[in-house]
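Visitor: I would like to learn how to read contacts in a model like this one. Could you take me through it step by step?

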Amino acid sequence: MTATSLEEPPAPDGPPGADRPPPSRARRRRPRPGVRTGLLLLPPMLWLGVAYLGALAALLITAFWSQDDFTGEIQRVWTLDNFRQLFTIDVYRTITVRTLLIAALVTVVDAVLAFPIALYMAKVASARAQRLLVIAVLMPLWASYLVKAYAWRAMLSENGLISWLLAPFGLDTPGYGLVATTVTLAYLWLPYMILPVFAGLERLPGSLLEASSDLGAHSWTTLRRVVLPMAFPAIVAGSIFTFSLSMGDFIAVTIVGGTGQLLGNVVYNNVGAANNLPFAAAVATIPIAVMLVYLAVVRRTGALENL
Amino acid sequence: GTSGGGGSSPSANGGFTPPDVPMKQSLGSMEGQVNILAWPGYAEDGSNDPKVDWVTPFEKQTGCQANVKYFGTSDEAVKLMKTGQYDVVSASGDASLRLIAAGDVAPVNTDLVKNYADISPFLKDRDWNSVNGQMYGIPHGWGANLLMYNTDVVKPAPTSWGSVFTGASQYAGKVTAYDSPIYIADAALYLMKHQPGLKITNPYALDSDQLQAAVDLLKKQRQNVSEYWSDYLKEVQAFSTGDSVIGTTWEVIAQVAQGEKVPVKAVLPQEGSTGWSDTWMVSSKSQHSNCAYAWMDYITGPQAQADVAQYFGEAPANPKACDLTAKNFCDAYHASDAQYADKIWYWTTPISNCLDGRKDVQCTDYGDWTQAWTEVKG
Amino acid sequence: MPTAIELRGLSKHFGEVRAVDELDLDIVDGEFFSMLGPSGSGKTTVLRLVGGFEQPTAGTILLGGEDVTDRPPFGRDVNTVFQDYAIFPHMSVRQNVEYGLRVKRVPRTQRRDRAEEALATVRLEGYGDRRPHQLSGGQRQRVALARALVNRPKVLLLDEPLGALDLKLRREMQIELKQIQRDVGITFVFVTHDQEEALTMSDRIAVFNQGRIEQLATPVELYEQPASAFVAGFVGTSNLLTGEVAGKLLGEDGTFVVRPEKVRMTAPEEAPAPDDRTCVARGVVREVVYLGASTHSVVELDAGTTLTVSHQNTDRSIDAALERRDRPVALVWQRDHLVALAGGAPHPATTPEEETA
Amino acid sequence: MPTAIELRGLSKHFGEVRAVDELDLDIVDGEFFSMLGPSGSGKTTVLRLVGGFEQPTAGTILLGGEDVTDRPPFGRDVNTVFQDYAIFPHMSVRQNVEYGLRVKRVPRTQRRDRAEEALATVRLEGYGDRRPHQLSGGQRQRVALARALVNRPKVLLLDEPLGALDLKLRREMQIELKQIQRDVGITFVFVTHDQEEALTMSDRIAVFNQGRIEQLATPVELYEQPASAFVAGFVGTSNLLTGEVAGKLLGEDGTFVVRPEKVRMTAPEEAPAPDDRTCVARGVVREVVYLGASTHSVVELDAGTTLTVSHQNTDRSIDAALERRDRPVALVWQRDHLVALAGGAPHPATTPEEETA
Amino acid sequence: MTQISRGLRAVLVGFTALVLVVIYTPLLLVLLNSFNADKTFTWPPSELTLHWWDVAAHSTGARSALWTSVEVALAATAVSLVLGTLAALALRPTRFFGRNVISLLIILPIALPGIVTGIALSNMFTTVLGVGLSLFTVVVAHATFCIVTVFNNVQARVQRLGSNYEQASMDLGAGRWTTFRLVTFPMLRSALLAGALLSFGLSFDEIVVTTFTISATDQTLPIWIFQNLFRPNQAPVVNVVAAVLVLLSAVPIYLAQRLSGSHAEGLTGAR
Ligand SMILES: Nc1ncnc2c1ncn2[C@@H]1O[C@H](COP(=O)(O)OP(=O)(O)OP(=O)(O)O)[C@@H](O)[C@H]1O
Ligand SMILES: Nc1ncnc2c1ncn2[C@@H]1O[C@H](COP(=O)(O)OP(=O)(O)OP(=O)(O)O)[C@@H](O)[C@H]1O
Ligand SMILES: NCCCCNCCCN
Ligand SMILES: [Mg+2]
Ligand SMILES: [Mg+2]
């Protein structure tokens with residue numbers, strides 16, 4: 001075979017010009033890129049932009065209505081009563097602060113737990129070990145949330161595993177309460193932190209670590225000055241999950257929280273229990289506002305590209 | 001009433017006028033299915049345990065396919081009934097009036113329910129299931145909120161609710177209580193007996209001062225509470241691990257715990273207690289009202305009553321069930337003991353028209369109680 | 001000669017950046033046409049406009065006389081060899097090569113024959129079943145070429161196809177590519193920023209600068225008659241004589257270029273006297289750079305500039321050259337070899353910083 | 001002269017692959033030492049061993065006479081300029097440059113002064129506050145250099161630091177780097193696969209092949225006296241005369257190399273008679289390649305091989321060369337310029353395919 | 001990697017082992033309790049039994065809830081695959097007005113607490129749109145917050161791949177749809193798989209949003225579990241179900257690893 005055969009006319013068994021595009025297709029004017037983007041975006045935007053945002057908007061509107069306490073009927077009369085109550089009654093402020101603190105604490109605990117294991121997975125483990133670890137981290141996601149929470153309830157109880165383990169050190173289980181809630185939530189959401197941090201560290205070029213140690217930095221210094229700052233957006237990405245999941249939780253806290261209650265309980269009690277959707281909607285504006293502010297702040301770190 | 005007596009006068013509920021919902025006049029042919037909203041354990045279809053099944057016989061008998069949805073709290077039941085998707089609901093007293101007032105349920109024509117005649121008389125025409133003498137449902141079963149304690153720890157045996165209120169500090173961090181606004185009534189009941197100055201006559205009819213007193217009592221109690229419970233598992237676990245040693249309970253929980261060899265006992269304290277009496281009610285928007293009536297009749301029949309009562313652990317409304325239950329069961333649950341039943345203040349929805357008949361004050365309603373409960377928990 | 005590509009008033013602006021600026025260009029059928037220029041000068045953009053991957057801001061594109069400005073890439077009878085080859089990683093070499101025929105619904109057997117033929121053309125017989133990740137850079141480049149050639153396009157566009165290869169391999173591929181182009185007779189439009197590559201391979205070269213063509217000429221013309229200081233500097237090493245220095249040495253005002261290999265270095269005492277035909281400049285050797293086949297000497301002229309002199313290492317020892325370091329010398333070149341430039345000093349926008357910023 | 005680096009019996013195996021194979025090497029203080037070789041020949045691995053990023057399979061590494069084989073990178077007084085520069089993207093240029101001093105707890109003011117000084121050395125004054133993504137490739141390369149130089153290491157390791165730059169910029173950076181090395185007097189160990197770069201910049205060059213050094217010599221020696229066909233082929237264009245052809249043309253058996261620029265092309269009738277000192281071969285010009293400063297002619301010899309002849313374009317017109325295409329010519333070179341090689345034919349493992357696979 | 005010193009490496013190994021122990025202890029406890037004769041699984045178990053496994057094996061409720069969950073998760077995943085991919089492909093042109101707004105919108109459903117999403121959607125379905133709750137509404141709700149997992153994975157992949165391959169395809173004569181079918185889609189496959197896996201997991205174990213959007217007659221597994229905790233004597237059966245889930249979860253992960261060319265990237269969206 002020589003290259004000259006390429007100049008020969010098409011083989012007789014194929015129609016001449018079979019490899020030329022049919023004229024109709026060739027002449028079709030290209031759609032403008034904007035139009036194409038728009039067409040692609042239409043379904044997801046209808047879903048999220050219209051349906052989901054619409055639902056949120058309807059909820060917000062409901063927050064300005066009120067409810068007949070006895071019949072549970074919603075009365076479509078504009079009122080600021082719900083917000084007035086929300087801001088004047090102390091207990092709601094207490095609960096909001098407590099919820100944010102727990103969400104923040106859970107996030108910090110998860111970040112502290114996730115970072116080393118993600119670092120190990122991404123930069124130390126062999127390819128095989130890495131694969132196994134990814135499975136090991138993902139598997140608990142399939143086990144039921146409730147069952148895991150109850151397992152922690154059993155472990156945290158007076159005669160449970162934790163007090164049994166801690167007894168030799170003269171320590172005891174924290175018992176049911178906010179500490180237990182934090183621990184349980186941190187446990188439940190840990191994979192949601194490990195995965196983005198692992199992905200972020202995977203992307204970190206090895207040459208940067210080498211450069212750091214080449215320039216005289218010990219491992220710990222490299223960790224502090226190069227790895228941590230570069231993994232930060234990924235950690236923040238993970239924190240979006242842990243923070244928001246913790247802020248909205250109301251089940252784990254009833255299982256291990258002792259007498260404690262969080263914002264989620266207030267929303268749940270008002271909508272699921274008292275059937276007071278307007279007040280529940282008003283309470284729900286707190287996590288919505290917090291998350292919007294949170295997202296706006298973390299957007300600068302590039303975290304949203306690291307989810 | 002004497003010592004207890006959950007509001008004996010039939011018209012005590014302030015004479016509020018329910019919306020005008022037509023009552024079913026005659027039975028027609030079965031619609032082929034029925035949507036049942038029930039407490040877990042009230043309508044078992046064998047899907048969780050093939051041996052526990054009284055829904056399938058119902059389906060066979062009537063040709064109505066039963067779709068069962070369970071709810072965890074009364075409040076959830078109220079919310080779900082508003083959707084109009086359910087034909088029939090097992091409403092506790094703290095839900096029933098709300099359903100009636102909202103027009104979510106229809107008056108029940110008791111003539112169309114054959115087994116109604118056999119229902120214990122002390123369950124008929126009560127505050128929580130009737131308005132102005134019109135029944136809005138068929139009584140199903142009842143029970144008391146008892147005081148359970150760990151016999152190894154709590155000595156001597158308690159006889160008063162005082163051991164979880166004023167005396168709670170003795171068991172600091174080990175007291176438990178029911179997690180619902182309706183638990184405020186337990187505190188009110190205690191105050192009714194021990195602080196006559198508050199002039200509480202019905203724990204479900206509290207003016208704002210009385211409510212405040214109950215809330216204060218509960219806030220003090222909270223300092224000694226380990227946790228509030230709302231499901232079986234949580235409480236049985238807490239008593240078996242020792243995380244809780246004293247607190248309010250249901251008979252069935254005590255029985256399960258004893259079955260697990262947990263050293264506990266449940267008593268009806270001297271003050272009497274709150275309790276529940278559940279009523280099957282028909283949705284005002286029911287698409288399957290014939291099947292719904294068939295269900296109400298079926299579930300209040302002796303066999304179904306016996307099955308439910310034993311599985312769930314409560315007193316059957318139909319005393320004929322006692323012939324079909326295990327020996328001593330009905331005695332243990334005081335099924336036919338009108339005296340015992342009279343000591344119970346059954347859950348009733350607090351409304352602003354005072355249920356005790358007072359006309360000079362506005363009472364606090366369930367919304368106020370919900371808020372108060374949030375504040376109690378802090 | 002028929003034209004393969006005509007660009008008329010072609011412009012492409014990205015916001016403020018005029019990547020391509022009112023370009024007029026005719027590329028002849030069967031020619032090996034190169035576009036040379038610094039980074040950011042618009043070479044790739046022109047190629048992408050011809051290929052149909054960008055819409056021009058203004059102007060028209062004609063392929064074989066037909067206006068294709070508004071056609072999508074799959075409606076144009078040109079094919080592209082991408083800089084990173086863009087070999088489909090999820091297909092075997094054969095599937096890659098067959099791709100263009102497959103989407104045009106050429107029957108399977110015919111497809112296979114033509115693919116084998118194209119692989120043979122690029123000397124990759126027997127590689128059909130390999131996966132792309134099993135190929136070296138040079139092999140990948142050839143697969144990309146085969147994948148384009150199999151479609152028998154009128155024009156083949158190549159965007160720095162040799163950029164990623166090492167020098168030795170690159171030289172070999174240059175020769176091969178040129179050979180293939182001669183054999184198949186297709187018009188090649190070839191983008192490079194390597195001047196030597198352009199000189200070696202092209203029939204004609206367009207030197208780009210800031211979206212415009214600075215000079216369009218054959219290799220010899222381009223090197224020997226650069227139209228501007230920019231071209232002179234970009235193509236080959238150039239010695240600029242300008243302003244005062246030019247006056248002193250050449251007795252003429254203006255800007256002149258002389259190529260290092262045109263300058264002869266002698267001992268000062270052996271230098272001829274300057275005359276009408278010969279220029280002479282005296283200076284001191286500051287640096288001697290050995291390049292293997294040749295040696296560059298950088299001479300600081302008394303007249304106040306530096307000139308680079310290139311000297312072919314026809315003799316085995318370069319000691320003679322090295323010994324000259326720091327010694328006075330005379331440089332001699334023919335006035336003929338001076339090229340007078342139209343513009344003045346080199347273009348301000350072509351300092352290395354800005355080229356690559 | 002004191003040695004900066006001594007490698008003794010150094011090996012590094014990756015599974016079956018002997019990336020570095022029993023290497024012995026001394027690098028002298030202050031020298032500009034280059035490692036040249038095809039892709040995969042082990043250059044980077046040697047550098048990584050010296051830098052401390054890999055642990056050797058066998059052998060020892062001495063820096064300034066001290067055994068550092070077991071020390072981590074931060075315990076070795078060498079610094080590296082990485083091929084991808086590895087500039088910390090989350091730090092400014094100044095913070096990057098200060099990094100080495102900062103981790104060594106040099107006080108802030110002193111740190112700043114030294115960083116400014118280093119930036120000045122690489123001609124980046126005033127760029128301290130920029131972020132890495134605001135820099136061009138050439139600028140990044142210089143930041144990487146400054147970041148290493150600021151630590152005043154005994155040895156600087158550079159892994160193809162110019163690989164990513166375009167030809168013009170690359171030439172400028174070559175000159176700059178060489179200048180900086182002279183100024184600071186640090187030993188540079190420089191990895192490249194560009195022969196011309198190695199020749200231009202180095203004091204000595206090691207040519208790598210399959211984890212071993214094929215030849216270690218000065219640029220001139222390397223080019224003029226290649227030790228093997230591999231070296232001859234890798235460094236510059238080489239003409240191999242071997243077997244029968246050698247017998248016919250040279251009257252000698254063996255393998256010989258002659259460089260294209262050492263061969264003179266004449267009309268057949270003007271050729272001298274071959275004698276002890278002069279070799280003559282007759283043939284036909286098959287290809288003429290214009291390279292700007294020089295022209296390559298490929299001649300098919302009657303004796304049965306092809307030779308490339310390089311000819312400096314001292315004259316403006318190359319028409320003379322072009323006219324020779326397809327004409328009979330005679331090639332003349334001095335026997336002195338033949339280099340006899342120890343090995344036979346080119347190394348089998350150095351076909352382009354395998355080099356880059 | 002030598003730049004991670006032996007000391008640090010040891011710390012990381014130790015820490016990783018510790019975290020794994022912490023992750024798996026509760027799960028092992030669940031497994032153990034599924035054999036615990038004691039119905040409230042007190043520690044340590046006094047007696048072991050296979051009784052609960054037997055009961056669970058006969059629990060048609062658990063089985064049908066499991067299938068419902070699988071169906072819902074599959075449907076929600078399918079919807080998110082389509083919508084997430086469309087959105088990721090649409091946002092590809094780098095300079096795109098409103099790009100940030102749109103990615104924010106996609107992230108919002110996962111970033112807002114489930115209870116907010118739950119009551120908002122429930123309110124919309126029942127009062128605004130007046131459609132009855134059903135499995136369909138659950139799928140809609142789940143898909144809403146699952147889109148982001150697909151979107152993120154696909155977007156990252158698309159960015160890494162660039163548009164060269166698609167341009168090459170069109171250059172070779174393939175139209176846009178052919179290009180998608182033969183080039184874009186195969187190259188996105190492992191990213192889609194990673195997104196699908198996370199999406200499936202999110203939906204499968206979701207309880208909060210589900211509580212508010214499911215009808216009376218349907219039960220997903222988490223709802224079944226939730227309700228059985230309110231029933232006497234069902235908790236041990238729940239433990240059996242959970243233990244089975246943990247064991248079964250290895251299957252999809254294993255399959256995904258095989259399909260994605262056994263690379264961690266395929267599973268986590270590491271890119
Ligand atoms: N998609 C784009 N958006 C914005 N600017 C662009 C885009 N593509 C190219 N440019 C700009 O257009 C100019 C020309 O770019 P082009 O890629 O054509 O240069 P080039 O000559 O191919 O350079 P190189 O040798 O680096 O490949 C540059 O200033 C570049 O920054
Ligand atoms: N971490 C590693 N694991 C396995 N093999 C490796 C590793 N690093 C290098 N090698 C192998 O070792 C050999 C030498 O590689 P090295 O990177 O040193 O070559 P090089 O001369 O720097 O090539 P290039 O010019 O392409 O950079 C190659 O065959 C390479 O595949
Ligand atoms: N914002 C909705 C997020 C839902 C996540 N649910 C997680 C359930 C436990 N895996
Ligand atoms: Mg380009
Ligand atoms: Mg290398």
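Visitor: Which backbone atom lies 3.2 Å from an oxygen atom of ligand 2?

Guide: A polar contact is a pair of N or O atoms within 3.5 Å; within protein, one must be able to donate a hydrogen and the other to accept it, and residues adjacent in sequence count only if both atoms are side-chain atoms. Here a polar backbone atom of S41(D) sits 3.2 Å from an oxygen atom of ligand 2. Side chains take part too: an N or O atom of the S39(D) side chain is 2.4 Å from a ligand 2 oxygen, and a polar side-chain atom of K43(D) is 2.8 Å from an oxygen of ligand 2. Please keep in mind that this is a predicted model, where local features need pLDDT of at least 70, side-chain atom pairs count only at pLDDT 80 or more, and totals for chains, interfaces and linings use all residues. Residues are numbered from 1 along each chain as its sequence is written, chains are lettered from A and ligands numbered from 1 in the order in which they are written, and side-chain values use heavy atoms, with hydrogens and water left out.

Visitor: How much of ligand 2 does the protein bury?

Guide: Accessible areas come from the Shrake-Rupley method with a 1.4 Å probe; for residues, only the protein chains shown count as cover. Alone, ligand 2 exposes 630 Å², and the protein buries 61% of that.

Visitor: How many residues surround ligand 2?

Guide: A residue is counted as near if one of its heavy atoms lies within 4 Å of the molecule. By that rule 13 residues surround ligand 2, the closest being S39(D), G40(D), K43(D), T44(D) and T45(D). α1(D) gives the most to this shell, with three residues.

Visitor: Now to the protein chains. How many residues does each of chain C and chain E bring to their contact?

Guide: Contact means heavy atoms within 4.5 Å. Chain C brings 24 residues and chain E 18. Buried area is the accessible area (1.4 Å probe) that two parts lose on being put together, summed over both. For this pair it is about 1,800 Å², with 63% on carbon and sulfur atoms. On the chain C side, F74(C), H90(C) and Y99(C) lose the most area to chain E, together 30% of what that side buries.

Visitor: How many salt bridges cross the interface of chain C and chain E?

Guide: A salt bridge is a side-chain nitrogen of Lys or Arg within 4 Å of a carboxyl oxygen of Asp or Glu. The rule finds zero across this interface, whereas seven residue pairs are in polar contact (both at pLDDT 80 or more).

Note on methods: Helices (H or I, at least four residues) and strands (E, at least two) are DSSP runs, numbered from the N terminus.
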